[in-house]
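Q: I have the model open and would like a close look at a single part, the aromatic rings and their surroundings. Please walk me through that part in one connected answer.

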Amino acid sequence: MTSLIRLPKMVREAAFREGSFNENDNTIEVVWTAGATVRRLSWLDGEFDEELIVSPNSVRLERLNAGAPFLDTHSRHSLENVIGNVVRGTARIEGGKGIARIKLSAAPDAANRVARIKEGTVVNVSTGYIVREVERTERDGKIPLIRVTDWEPFEISAVAVPADPSAQIRTAQEAGEGFECRVELA
């Protein structure tokens with residue numbers, strides 16, 4: 001059985017390390033998702049566990065690969081909050097993780113935030129995404145599991161607190177509004 005529901009825009013936090021900073025081109029490489037299961041709350045349905053499926057068939061990378069913004073804490077209402085961007089064509093799915101190279105801003109108004117990333121005191125990222133399709137599974141004695149099987153990241157942000165501890169800035173060695181969606185009830 002299929003039903004239509006409206007879901008808010010989602011964000012997912014993830015940790016990173018400063019080790020992939022490349023001084024020559026002012027870039028870092030990030031793992032922007034590792035698909036960790038995260039506890040969510042919906043006003044309509046209550047608590048549920050959300051699992052992002054991280055595979056080439058599930059994640060729409062067009063927006064990231066077009067140079068999506070790297071923001072200060074999902075703040076998208078001012079250009080001053082853009083502290084970098086995804087380097088065009090670098091977003092990919094690899095080994096169940098979303099990976100991208102980020103070009104950091106050299107603008108004076110972003111200098112203090114970018115400096116914290118470079119020095120390693122700001123170490124977490126998060127991705128904002130649109131949910132397109134989910135599978136909902138009711139589990140006996142547990143809260144439901146929502147598996148997001150079709151989704152579209154549209155920005156990556158530097159944030160204070162991570163939810164996905166496996167996603168992080170890669171080390172130098174590793175680096176070589178709401179939308180409608182269809183819900184499949186299992």
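**The aromatic cluster and its setting**

A: Happy to! Tyr 129 and Trp 151 are both buried, and they make a good place to start in what is, please note, a predicted model. Their ring centres lie 5.3 Å apart with the planes at 70 degrees, so this pair is edge-to-face. Tyr 129 sits in strand β10 and Trp 151 in strand β11, 22 residues apart, and the pair thus links distant parts of the chain.

The structure holds two aromatic pairs. Trp 32 and Trp 151 form an edge-to-face pair, at 6.0 Å centre to centre and 75 degrees between the planes. Because Trp 32 belongs to strand β3 and Trp 151 to strand β11, this pair ties together parts that are 119 residues apart in sequence. Trp 32 has a relative accessible area of 0% and is buried; Trp 151, at 0% relative accessibility, counts as buried too. Trp 32, Tyr 129 and Trp 151 form one aromatic cluster.

Now for the surroundings. The largest nonpolar core has 31 residues, and among those with the most contacts inside it are Trp 32 and Trp 151, along with Leu 64, Phe 70, Ile 102, Ile 117 and Ile 156. Elements that supply at least two residues each to this core are β3 (27-33), β5 (46-52), β7 (82-86), β9 (97-104), α2 (111-119), β10 (124-139) and β11 (142-159). Strand β11 gives the largest share, five residues.

Leu 64 is worth a click in your viewer. Leaving aside neighbours within four places in sequence, Leu 64 is in contact with Trp 32, Val 86, Ala 91, Pro 153, Phe 154, Glu 155 and Ile 156.

Next comes the helix that contributes to this core. Which residues of α2 are buried? They are Arg 113, Val 114 and Ile 117. These three cover an arc of only 95 degrees around the axis, which puts them on the same side of α2. In general, an α-helix has 3.6 residues a turn, so residues three or four places apart point the same way. The cover over the buried residues of α2 includes β3, β6 (69-72), β7, β9 and β11. Just after α2, Gly 120 takes a positive phi of about 90 degrees.

Strand β11, the home of Trp 151, also has a partner to look at. It pairs with β5 in the parallel sense over four bridges, and Glu 51 stands opposite Arg 147 in β11. On the other hand, β5 pairs with β4 (residues 38-42) in the antiparallel sense over five bridges. β4 and β5 form a hairpin with three residues between them, and Ser 42 has Gly 46 in β5 as its bridge partner.

To place all this in the whole chain: there are two helices and 12 strands, running β-β-β-β-β-α-β-β-β-β-α-β-β-β from the N terminus on. Of the 186 residues, 47% count as buried. The accessible surface comes to about 9,500 Å², with 50% of it belonging to carbon and sulfur atoms.

Key. Residues are numbered from 1 along each chain as its sequence is written. This is a predicted model: local features need pLDDT of at least 70, side-chain atom pairs count only at pLDDT 80 or more; totals for chains, interfaces and linings use all residues. Side-chain values use heavy atoms; hydrogens and water are left out. A nonpolar core is a set of buried Ala, Val, Leu, Ile, Met, Phe, Trp, Tyr and Cys residues joined through side-chain atoms within 4.5 Å. Buried means under 20% relative accessible area, exposed over 50%, partly exposed in between (1.4 Å probe, protein chains only). Contact means heavy atoms within 4.5 Å. The arc is that of the directions from the helix axis to the C-beta atoms. Accessible areas come from the Shrake-Rupley method with a 1.4 Å probe; for residues, only the protein chains shown count as cover. Two strands pair if DSSP finds at least two bridges between them. Rings of Phe, Tyr and Trp (its six-membered ring) pair if their centres lie within 6.5 Å; planes under 30 degrees apart count as stacked, over 60 as edge-to-face and the rest as tilted.
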